[in-house]
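Colleague: Could you walk me through how the labels on this model were earned? I would like to see each value set beside its cut-off.

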Amino acid sequence: MKIALIGNPGAGKSLIFNQLTGLGVEINKYPGSAIGLECGNVCYKNEKIELVDLPGIYSLDGDSEEEVLVRRFLEKDGADSLIAVIDATKLERNLYLLTQIAEYALPMVVVVNMIDVAENQGLFIDTARLGAIFGTQVLPAAAVLGKNIDRILPLALTSSQPPTLRVPYDHHIEAALRSLEKTMATPRRKNLLALQGTGDDAALRDAAASVATEIEQRHHMSVGQIIATNRHNFARGVAAEVVKQSQEKKGFDLDSILTRAFPGIPILCLILFSLLLSVFVIGSWMESWIVGGFTEYILTPFASLGLHPLAERIGYSVLVALEAGLGIAFPFVFTFYLGLSFLEDTGYMTRAAFLADRSMHRLGLHGEAIIPMVIGFGCAVPAVMSLRILKTRREQTIAAFLITLVPCSARTVVVAGIVAAFVGIIWAFSIYLIVFVLIIITAIVISRLTPGEQFGMIVEMPSLRKPRIKLVLRKSWLRIKEFLFIAIPLLIVTSVFLGLFQYFGVIDIFQSLVSPITVSLLGLPAYASTALLFGIFRKELAFETLAVLSGTADLGSVMTSVQLYTFAIVSILFIPCISTVAVLYKQLGAKIAILTSAYSLVLGMLIGVLINILIK
Amino acid sequence: MRTSLREDYLEAILIHTGRYSQPPCAQDLIEMLQFDESDVRAHLEELAHMGDICLRNDGRIILTDQCTATGKQIIKKHEILQSFLSEILGMDRTSASDEACRIEHAVSDETIDRLGDYLRSPVPQSPCGSDAVPNRYCLHGVQRRISCGNANVLGDFEEGERLVVRDIRGRGCSKRLLDLGVVPGQLVLIKRKLRNGSIVVQVKDCDVALSPEIASAICVERMP
C-alpha cells in the first residue's frame with residue numbers, strides 16, 4: 001500500500017507527514033533526479049503503509065525539477081491513494097493545483113489544512129460542497145493543533161476515490177483535446193501537457209504542436225496561458241462557492257517592518273550577522289570539546305598501540321579524517337543549519353531574498369541566490385547542493401564561483417586562529433573586506449563572461465509563522481546527514497593518500513618543488529606549502545598543520561605578521577576544499593569544478609604575491 | 001412564457017452541465033437563478049410542455065438538440081457582450097455580466113457577429129512592446145481587442161494600488177507567474193514597493209515577491 005502526500009509548498013504537507021510517520025523517515029533519491037523523496041512507513045490495523053512526501057509544487061505542468069519529479073511519480077509509480085493537502089487560507093490558489101491533480105484521476109482524498117487559521121481570519125469553508133464539486137472526500141484539519149490528523153489515514157484507506165471533476169477549457173482547447181484523443185488515442189491529461197509542449201511522447205508533442213500554433217494564432221496567447229487562465233477562473237468559481245467570509249480581521253502585520261528598506265535591511269544584516277557570530281562562538285566551543293575528546297580518548301590510545309609504522313600511518317590518517325569531519329560537521333555546519341532551518345521555517349528567508357534582490361542583480365544573480373550565499377558562510381558543500389534552487393545554468397555558474405570564495409566556517413577558524421590571534425582583530429576584518437571586494441569583482445567579471453539570459457525572481461512569500469521546532473530539527477538533521485555522506489568518505493580517502501605520501505616522502509619532494517613559489521614569491525617558509533596542501537583537504541587543517549610543522553603553537557614567534565597574514569589569505573582563497581570540489585563536480589560537472597578550482601588557485605596566489613610585494 | 005425567461009433557463013442548464021459534467025436538477029436551477037421553488041417548477045413544466053427540455057428519470061433536466069443550439073448562442077452573446085463591456089468600455093466584471101444578462105436577450109445575431117469580429121481583429125501595433133499580446137482571453141475563449149494604449153506595467157504603480165492584470169510580456173519565466181495566479185483578468189494588490197523597483201504583490205491571498213524586470217513585464221490597469 002503506497003500513499004503519497006501532494007500539495008503546494010507551505011500547505012503543511014511536511015508537518016502532516018511528520019505527524020503521521022513520526023520517526024524513521026528516510027530520504028530516497030528518486031531515479032534521475034537530484035531531489036530526495038521523503039518516505040516513511042506507518043502501521044495501520046496490521047497493514048504496512050508506505051507514505052511518501054512529494055515535494056511542494058505550484059503546478060503539475062511546469063518544468064521545474066520538483067514539478068517534473070512529481071509528474072513522473074504520478075505517471076509512472078502512481079500511488080494507491082493520494083492525499084492532497086490544501087491550505088484553507090489560500091484556497092483559491094491551492095485549488096488551481098487540485099484541478100490539475102484531479103486530472104490524473106488517481107484515488108485520492110483532500111485534506112483542507114489550517115482550517116483553524118482560516119476561521120480566525122473569518123473564512124469558513126464548506127468542505128462538503130468542495131467534495132461534491134471534486135467528487136472526492138474532503139477532510140478539514142489543523143495540523144498545528146493536531147486536529148483530525150488521526151482521521152486522515154483511515155479516510156485515505158477506506159474512501160479514496162478518483163475525482164470526477166473536469167475543468168471546462170476554452171472550446172478551441174477542448175476541440176484540440178478531442179481531436180488528439182481521436183487521432184492519437186492518448187488520454188486527455190497527456191494531450192493537455194502535449195499542447196503546452198511538455199510530456200515525453202515525441203509523436204504526440206509533434207501532433208499537438210501544430211494544433212497549438214493554430215490556437216495561439218487565433219488567441220494571440222500561448223496555450224499554457226489559456227489553460228492556466230481557464231483553471232484559475234474555474235478555481236475562482238469554486239472558491240467563491242465554498243468559502244464564506246464573515247468579516248475581515250486584520251492583525252498586526254510583521255511584514256510592515258520586515259520588507260521595508262528601513263528597518264528591513266538593517267534587520268536583515270543584524271539577523272545574518274548574529275547567525276554567523278553565534279555559529280562561530282558555539283562552534284568553536286563545541287569543536288574544542290570534540291577535538292579534545294577525540295585526541296584524548298582515541299588518538300592518544302591509538303598512538304600507544306605500537307603498530308607497524310605504515311599501518312599506524314594509515315590508521316592515524318583515517319582517525320584524523322574522522323576527527324576533522326566531526327570537528328567541522330557538528331560544531332559549525334550543524335549549528336549553522338539549525339539557525340538556517342529555523343529562519344527558513346519562519347518564512348523569513350523569502351523576505352531576505354526580496355530585500356537582497358536588487359543588490360544580487362548587480363552580481364548577475366537575483367534575490368533567491370542569497371540563500372546559497374548565506375549557506376556558504378556555514379559550509380560550501382551544502383551551499384553548492386542548494387544551487388539547484390537557481391533555475392538557469394548561468395545563475396548556477398556565477399553562484400558557484402562566488403560560493404567557493406565565501407568565507408565558510410572552516411575559513412573563519414583559520415582567520416581567527418592565525419590573524420586575529422597573532423596579528424590583530426582589525427587585520428582579521430581586513431581579510432573579510434578583501435574577500436568581499438574579490439567576490440564583487442569576480443561576480444561582475446563572471447556575469448559578463450557567462451553566456452545566457454538573466455531572469456528575475458518570482459518567489460512566493462509565505463505568511464510568517466512560529467517555527468516548529470520538530471521540523472527545524474528534522475530538516476537540520478537531514479541536511480547534516482547529506483553533508484556527512486559526501487564529506488566523510490572523501491575526507492578519509494584524501495587523508496589516507498596524504499598520509500601515504502608523507503610516509504613515502506612524496507610530500508618532501510612536493511615541498512622542495514614548490515619552494516621557489518612559497519619562499520620567493522609568497523615570502524613564506526618552505527613548510528608552509530605543505531600546510532597549504534593540507535588546507536585543500538580541510539581549510540582549518542592548514543592552520544593546524546602549520547602549527548605542527550613549525551613546531552610551536554605560538555606561530556607569532558616563528559613567522560612575521562606579514563607572513564601569517566599572507567598565509568591566512570592564501571589558504572582562504574586558494575582551491576576550495578576537496579569536498580566542495582567533489583560536490584561541484586557532482587552538481588555542475590567537471591568543467592565548472594576545474595574552472596572554479598583553477599580560478600581560486602590563481603586568485604589566491606595573485607593576492608598572496610601582491611601582499612608580499614606591497615607590504616614587504 | 002417570456003422569451004428572455006426561457007433563454008435564461010436554457011443558459012443556466014447549459015452552464016451547469018458544462019461546469020459539473022452533469023445536467024442540473026430542479027434544485028440546482030433554483031440556486032442558480034435564485035427564483036422561488038414553485039415558480040421554477042411551474043416554468044420547468046411549461047418548458048417541458050413546449051418540448052424544450054426533457055426530465056430524466058433521476059430528476060435531471062436535459063435540453064433537446066434544438067434548444068442546446070439556442071442556449072449556446074445565448075452564452076456566446078453573453079460572453080461577447082461581457083467582454084465588450086468590461087474590456088473595451090471598462091466596466092467592472094460583475095456589472096458587465098449583469099448588463100450582458102439583460103442585453104443578450106434582445107441583441108440580434110448580426111450585431112453579435114460584428115461585435116465578435118471587432119473584438120477578434122488584432123491591433124497592428126501595440127505600445128506594450130514588440131512581442132506584446134494585444135488580444136485578451138476570457139472565461140470561455142472569446143478574444144477581445146484591447147489596445148495596450150493606456151496600459152501600464154506593474155512597476156509604474158505605487159504601494160497600495162489595486163490593479164487588474166492585462167497581459168504578461170515575454171516568455172521564459174512567465175510559467176511560474178501563471179501558476180501563482182498572475183493571469184489576465186486577475187486582481188492584484190501592490191503590498192510593497194522598494195525604491196529600487198522590487199515589488200511584493202498580493203495575488204489570490206498570497207504574497208509574491210518580484211524582481212523589477214518581472215514587474216515591468218506585467219501589463220496592468222487600475223481597477224475600473
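Modeller: Happily; this is a predicted model, and we can go through salt bridges, burial, strand pairing, patches and backbone angles in turn.

Colleague: What makes the contact between Arg189(A) and Glu75(A) a salt bridge?

Modeller: The N to O distance is 3.6 Å, and the rule asks for a Lys or Arg side-chain nitrogen within 4 Å of an Asp or Glu carboxyl oxygen. The pair therefore qualifies. Arg189(A) sits in helix α8 and Glu75(A) in helix α2 of chain A, so the contact ties together parts that are 114 residues apart in sequence.

Colleague: Why is Arg189(A) called buried, and what is Glu75(A) called?

Modeller: Buried means under 20% relative accessible area. Arg189(A) has 18%, so it is buried. Glu75(A) has 26%, which lies between the 20% and 50% limits, so it is partly exposed.

Colleague: How do you know that Glu460(A) and Lys90(A) form a salt bridge?

Modeller: Their closest N and O atoms are 3.3 Å apart, and the limit is 4 Å, so the label holds. Glu460(A) lies in strand β10 of chain A and Lys90(A) in the loop between β5 and α3 of that chain, so parts 370 residues apart in sequence are tied together. Both Glu460(A) and Lys90(A) are buried.

Colleague: What is the corresponding distance for Arg6(B) and Asp52(B)?

Modeller: For that salt bridge the closest N and O atoms are 2.6 Å apart. Arg6(B) belongs to helix α1 of chain B, while Asp52(B) is in the loop between α3 and β1, 46 residues apart. Arg6(B) and Asp52(B) are both buried. Elsewhere, Asp61(A), Glu103(A) and Arg231(A) are joined into one network by salt bridges that share partners. The count over all chains comes to 33 salt bridges.

Colleague: Now the strands: what makes β6(B) and β10(B) a pair?

Modeller: Pairing needs at least two bridges. β6(B) and β10(B) have five, in the antiparallel sense, so they pair. Among the partners, Ile168(B) is matched with Ile218(B), and Leu163(B) stands opposite Arg222(B). β6(B) also pairs with β7(B), antiparallel over three bridges, where Leu163(B) faces Val188(B). Six of the seven residues of β6(B) are buried.

Colleague: And how many bridges join β5(B) to β10(B)?

Modeller: Two, running antiparallel, and at least two are required, so this counts as a pair. Val153(B) is opposite Cys219(B) there.

Colleague: What makes Arg166(A) eligible for the positive surface patch?

Modeller: A patch residue needs over 30% relative accessible area and no salt bridge. Arg166(A) has 46%, so it passes the area test. Its partners in the patch are Arg178(A), Lys182(A) and Lys72(B). Arg166(A) itself is in the loop between α6 and α7 of chain A.

Colleague: Lastly, which non-glycine residues have a positive phi, such as Lys204(B)?

Modeller: Lys204(B) has a phi of about 50 degrees and is in the loop between β8 and β9 of chain B. With 6% relative accessibility against the 20% limit, Lys204(B) counts as buried. Another is Ile575(A), at about 40 degrees, in the loop between α24 and α25 of chain A. Ile575(A) has 17% relative accessible area, so it is buried too.

Note on methods. Residues numbered from 1 in each chain as written. Chains lettered and ligands numbered in written order. Predicted model: local features only at pLDDT ≥ 70, side-chain atom pairs only at ≥ 80, totals over all residues. Heavy atoms only, no water. Buried < 20%, exposed > 50% of the residue type's maximum accessible area, 1.4 Å probe, protein only. Helix = DSSP H or I, 4+ residues; strand = E, 2+ residues; numbered from the N terminus. Patch = residues over 30% accessible without salt bridge, like charges linked within 9 Å, V, L, I, M, F, W, Y side chains within 5 Å. Areas by Shrake-Rupley, 256 points an atom, 1.4 Å probe, with all protein chains shown as cover. Lys, Arg positive; Asp, Glu negative; His and termini not counted. Charge placed at Lys NZ, Arg CZ, Asp CG, Glu CD.
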